[in-house]
Amino acid sequence: MKKLIELQVGDSLGEVQLNPVSRLDLIKYAGASGDYNPIHTIDEEAKKAGLPGIIAHGMWTMGNLSKLFTSYYEEGFIQDYSVRFKGMVFLNDVITLKATLKERIGNKLRFNVLAVNQSGNEVVKGEVVFSQY
Amino acid sequence: MFTEHIGKCSNKVKNIVERSAVKKFVEAIGDPNPIYWDEETGKKSRYKNNIAPPTFPRVFDYGVINELKLPSKGLIHGEQIFHYERPLLVGEEIICYSKVEDYYEKKGSIGKLGFLVIKSYGEDPSGQIIFTSTQTIIITEAVRKAMIV
């Protein structure tokens, strides 16, 4: 694994492709986060809300996306993490997580972060500012 | 209908970064790095402790903002921002509260969309801010109308 200090602007962290989203993933996230909004776990509730089926919690995808940075915890920490939820994530979607270094100012590394689905559509898009020690 | 709430704060609530809650959370987001749950790894790290992942504050209790009633259905989470002074440590006590930061409406293709901005704070027991979390909730015209009935 490359150290973040060696990363050049334009370089990416290793992409991660998640397993297809399962109902159990979302039930587990509901339990772990305390977000029991039924549009994330119960088909009929999702349909009542006008959705074709249950959708992932936006925070589930955002939570997954931050793991691209976890192995660098000795080098620094995520100081700022901001995202827009741009698209819905449905059951069986295959999400790919990406982070690209956009700029380096002093000890701050600014990354573009992105989660895309199997069709290449952006579902979560944002920025991470990683502060190095 | 939300503008009148801008500036209102919730009561403060004491939360603990619970070891078992962190473990369950990192399993749920598929981030099983031992820095979050293995005590030895935590002790040997620069934090001398296990830490929690950046989106963990989702689990905290932020108290209740008086008179702010949100519909239980139909809300859309539009944006989310976390800011940290340092990572959260497993076992530490965090005092949490939220504030209605802003409310505005914009014309969209499905009528006027309402944007409610709630900023949440996490402080250590001495009152130092450790993190803030800002969420923008989108409330469609249909959902707002249903609330009035």
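# Notebook: a two-chain predicted model

I began at the interface of chain B and chain A, where I found 2 salt bridges crossing from one chain to the other. I note at the outset that this is a predicted model, and I read every entry below with that in mind.

**Entry 1, the interface.** For one of the cross-chain pairs I looked up the partners: the side chains of B:E79 and A:R84 meet in a salt bridge, with N to O at 3.9 Å. I then turned to polar contacts between chain B and chain A, and the count is 15 residue pairs, both members being at pLDDT 80 or more. On the side of chain B that touches chain A, I saw that α1 (19–28), α2 and β2 of chain B each supply at least two residues, and that β2(B) gives the most, with 8 residues. Sorted by character, the residues on this side of chain B divide into 13 nonpolar, 10 polar and 10 charged.

I next asked how many residues each chain brings to the contact. Chain B gives 33 residues and chain A gives 30 residues. Together the two chains bury about 2700 Å² between them, and 57% of that area is on carbon and sulfur atoms. When I looked for the main contributors on chain B, I found that B:I29, B:R46 and B:R58 supply 20% of the area that chain B buries against chain A, more than any other three residues.

**Entry 2, the nonpolar cores.** I recalled that in soluble globular proteins nonpolar side chains tend to be buried together, and went to see what the model holds. The largest nonpolar core has 62 residues, and those with the most contacts inside it are A:L13, A:F69, A:Y81, A:F111, A:F130 and B:L88, so that both chains appear in the list. Strand β2 of chain A, residues 76–85, gives the most to this core, with 5 residues. Apart from this core lies another, of 10 residues, which includes B:F2, B:I65, B:L68 and B:L116.

I followed B:L88 further and, leaving aside neighbours within four places in sequence, found B:L88 in contact with residues including B:V17, B:I51, B:F56, B:F60, B:I130 and B:F131. The polar residue B:N50 is also among the contacts of B:L88, and I took B:N50 as the next place to look.

**Entry 3, B:N50.** Is B:N50 buried or exposed? At 1% relative accessibility B:N50 counts as buried, because the cut-off for that class is under 20%. B:N50 sits in the loop between α2 (39–44) and β2 (76–84) of chain B. Which partners does the side chain of B:N50 have? I found a polar contact of 3.0 Å joining the side chains of B:N50 and B:R19, while the side chain of B:N50 also reaches the backbone oxygen of B:D38 at 2.8 Å. Not counting residues up to four places away in sequence, B:N50 touches B:P34, B:I35, B:Y36, B:W37, B:E39, B:G42, B:L89 and B:V90, among others.

**Entry 4, salt bridges within the chains.** Over all chains the structure holds 16 salt bridges; side chains of opposite charge can pair when their charged atoms come close. B:R86 forms a salt bridge with B:E92, the closest N and O atoms being 2.8 Å apart; B:R86 counts as partly exposed at 25% relative accessibility, whereas B:E92 is buried at 13%.

I then looked at B:E105 and B:R144, whose side chains meet in a salt bridge at 3.6 Å, N to O. This pair links distant parts of the chain, with B:E105 in strand β3 (residues 93–108) and B:R144 in helix α3 (residues 141–148) of chain B, 39 residues apart. B:E105 is partly exposed, with a relative accessible area of 35%, and B:R144 is buried, with 7%. In chain A, salt bridges that share partners join A:K102, A:E103, A:R110 and A:E127 into one network. Within that network I checked A:R110 and A:E103, whose side chains meet at 3.0 Å, N to O; A:R110 is partly exposed at 27%, and A:E103 is partly exposed at 31%.

**Entry 5, A:Y36.** I closed with A:Y36, which lies in the loop between α1 (23–33) and α2 (43–48) of chain A. A:Y36 is exposed, with a relative accessible area of 58%, and beyond neighbours within four places in sequence A:Y36 is in contact with A:A30 and A:G31.

Technical notes: Residues numbered from 1 in each chain as written. Chains lettered and ligands numbered in written order. Predicted model: local features only at pLDDT ≥ 70, side-chain atom pairs only at ≥ 80, totals over all residues. Heavy atoms only, no water. Helix = DSSP H or I, 4+ residues; strand = E, 2+ residues; numbered from the N terminus. Buried < 20%, exposed > 50% of the residue type's maximum accessible area, 1.4 Å probe, protein only. Polar contact = N/O pair within 3.5 Å; in protein donor to acceptor, adjacent residues only side chain to side chain. Contact = heavy atoms within 4.5 Å. Core = buried A, V, L, I, M, F, W, Y, C linked by side-chain atoms within 4.5 Å. Buried area = accessible area lost by both parts, 1.4 Å probe. Nonpolar A, V, L, I, M, F, W, Y, C, P; charged D, E, K, R; others polar.
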